[in-house]
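The following exchange asks how certain descriptive terms are justified. Each reply sets a value against the criterion for the term.

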Amino acid sequence: MHGASDPGKTRDNNEDAYAAVPDLGFAVVADGMGGHQAGEVASAMAIDVITRSLAERLPSASSRRTKGARVTDIVRRAVEMANSAVNEAANSNPQQAGMGSTVVVTAFHGDRVCIAHVGDSRIYRLRAGLLQQLTEDHSLVQDLVRRGFLSPEEARVSPHKNVVTRALGVSAGVQVEIRDERVQDGDLFLLCSDGLHDMLADDAIAATLRANMNDISVLASRLIDAANNAGGEDNVTVVLVRVQKRSARARKHDEQAAA
Ligand code: CA
C-alpha cells in the first residue's frame with residue numbers, strides 16, 4: 001500500500017486526509033467540506049475514528065467461516081461512528097456547523113476485500129489491464145447519469161459535479177454503501193478523492209496505472225502530477241493497494257496465529 005496527498009495548484013489548504021495500514025490490511029480516503037477549515041477537521045476526524053475503530057476490531061475477526069460478515073459489520077460500524085463524531089462536533093461548534101466528509105474504505109482479509117463508501121470519493125480496480133470503477137458516486141450528476149440525462153463525460157465536467165447527495169457528518173445517521181468481494185493475485189486498487197477523477201478521465205487514469213505498475217510509490221506521484229498537470233483545481237489524494245499472492249507457508253503461519 002502507498003498513499004499520497006497534495007493540495008493541488010489552486011488551493012492553499014488540503015481538506016483531504018488518508019490512512020494506509022498494510023499490517024492490518026486497510027486503507028481509507030476522506031475528502032472534507034465546510035468553511036473556516038472545518039473541511040480539514042471533518043476529514044481528519046473521519047480518518048482518525050475509522051482508523052482507531054478498525055485497528056481495535058479487525059484483528060479479532062479471525063474466524064475464517066464468519067470473517068466476511070464480521071469484517072463488513074466492523075467497517076460499517078467504523079464509518080457510522082465517524083459519522084456520529086463529525087455530526088456531534090458540527091452541532092456543538094458554530095464554526096464547524098454543516099461540515100462533512102466523503103469516505104472510501106477498503107479492508108482486505110484472506111482473498112477478499114470489503115469495500116465501503118459515502119459520497120464522491122472513489123475506488124477503482126485495475127485487473128488484467130482493465131480499469132473498473134467499483135463505487136458509484138453519491139452525487140447529483142451521478143443520479144442524472146443513472147437516469148440517462150447526462151453521459152459520464154458530461155458529468156465529469158458539469159458545473160454541478162461537486163454536489164454530493166450523501167456525506168459523513170451532515171446528519172445523525174448515514175447510509176453506508178458496502179460490499180465484500182473476492183480479489184485476484186495482481187489486482188491493483190486505487191482509492192482517490194474527486195481531485196483526481198475530476199481532473200482525469202478514466203482512460204487517463206488507466207494509462208497512468210498501466211505505465212507505472214512496478215512501483216506503487218512512483219505511481220502515486222505520477223497520478224498526482226497528472227492531476228496537477230491537468231489543472232490541479234482541487235486537493236488530490238490517492239492510495240494504491242497491490243494484491244500479491246502469499247506463499248502457502250505464510251498463509252499457514254497466519255492461520256496458526258489466528259487459531
Ligand atoms: Ca475534493
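**Terms and their grounds**

H6 passes H7 in a right-handed crossing. The model in which this appears is a predicted one.

Q: Why is H6 called roughly antiparallel to H7?
A: Helix H6 (residues 202–211) and helix H7 (residues 216–229) pack at an angle of about 150°, and their axes are 9 Å apart. Angles over 145 degrees count as roughly antiparallel, and H6 is therefore described in this way relative to H7.

Q: What makes the contact of H6 with H7, and how do its residues divide into nonpolar, polar and charged?
A: H6 contributes Ile205, Thr208 and Leu209, while H7 contributes Leu219, Arg222 and Leu223. These residues comprise four nonpolar, one polar and one charged. Leu and Ile count as nonpolar and Arg as charged, whereas a residue such as Thr falls among the others, which are polar.

Q: How do you know which residues coordinate the calcium ion?
A: For calcium, a donor atom must lie within 3.2 Å of the metal. Asp31 (OD), listed twice, Asp194 (OD) and Asp234 (OD) coordinate the ion at 2.3 to 3.2 Å, and these distances meet the cut-off. In sequence, the donor residues follow the spacing D-x162-D-x39-D.

Q: What makes the pair Asp31 and Asp234 a link between distant parts of the chain?
A: Asp31 belongs to strand E3 (residues 26–33), Asp234 to the loop between H7 and strand E10 (236–242), and the two are 203 residues apart. Both Asp31 and Asp234 are buried.

Q: Why is His36 called exposed?
A: The term exposed requires a relative accessible area over 50%. His36 has 61%, and therefore it is classed as exposed. His36 is placed in the loop between E3 and helix H1 (38–57).

Q: What makes the phi of His36 notable?
A: Most residues other than glycine have a negative phi. His36 is not a glycine, yet its phi is positive, at about 55°.

Q: How do you know whether Ala128 is buried or exposed?
A: Ala128 has 80% relative accessibility, set against a threshold of over 50% for exposed; Ala128 therefore counts as exposed. Ala128 is found in the loop between strand E6 (122–127) and strand E7 (130–133), and its phi is also positive, near 50°.

Q: Why does Val239 count as buried?
A: Buried means under 20% relative accessible area, and Val239, at 0%, therefore qualifies. Val239 lies in strand E10. Beyond its neighbours within four places in sequence, Val239 is in contact with residues including Tyr18, Val28, Phe189 and Leu190.

Definitions and conventions
Residues are numbered from 1 along each chain as its sequence is written. This is a predicted model: local features need pLDDT of at least 70, side-chain atom pairs count only at pLDDT 80 or more; totals for chains, interfaces and linings use all residues. Side-chain values use heavy atoms; hydrogens and water are left out. Axes are lines fitted to C-alpha atoms, for helices over the stretch in contact, and angles run from 0 to 180 degrees between N-to-C directions. Helices (H or I, at least four residues) and strands (E, at least two) are DSSP runs, numbered from the N terminus. Angles under 35 degrees count as roughly parallel, over 145 as roughly antiparallel, 65 to 115 as roughly perpendicular and the rest as oblique. A crossing is left-handed if the near helix is turned anticlockwise from the far one by less than a right angle, and right-handed if clockwise. Contact means heavy atoms within 4.5 Å. Donors are N, O and S atoms within 2.8 Å of the metal (3.2 Å for Na, K and Ca); water is not among the atoms, so sites may look incomplete. Buried means under 20% relative accessible area, exposed over 50%, partly exposed in between (1.4 Å probe, protein chains only).
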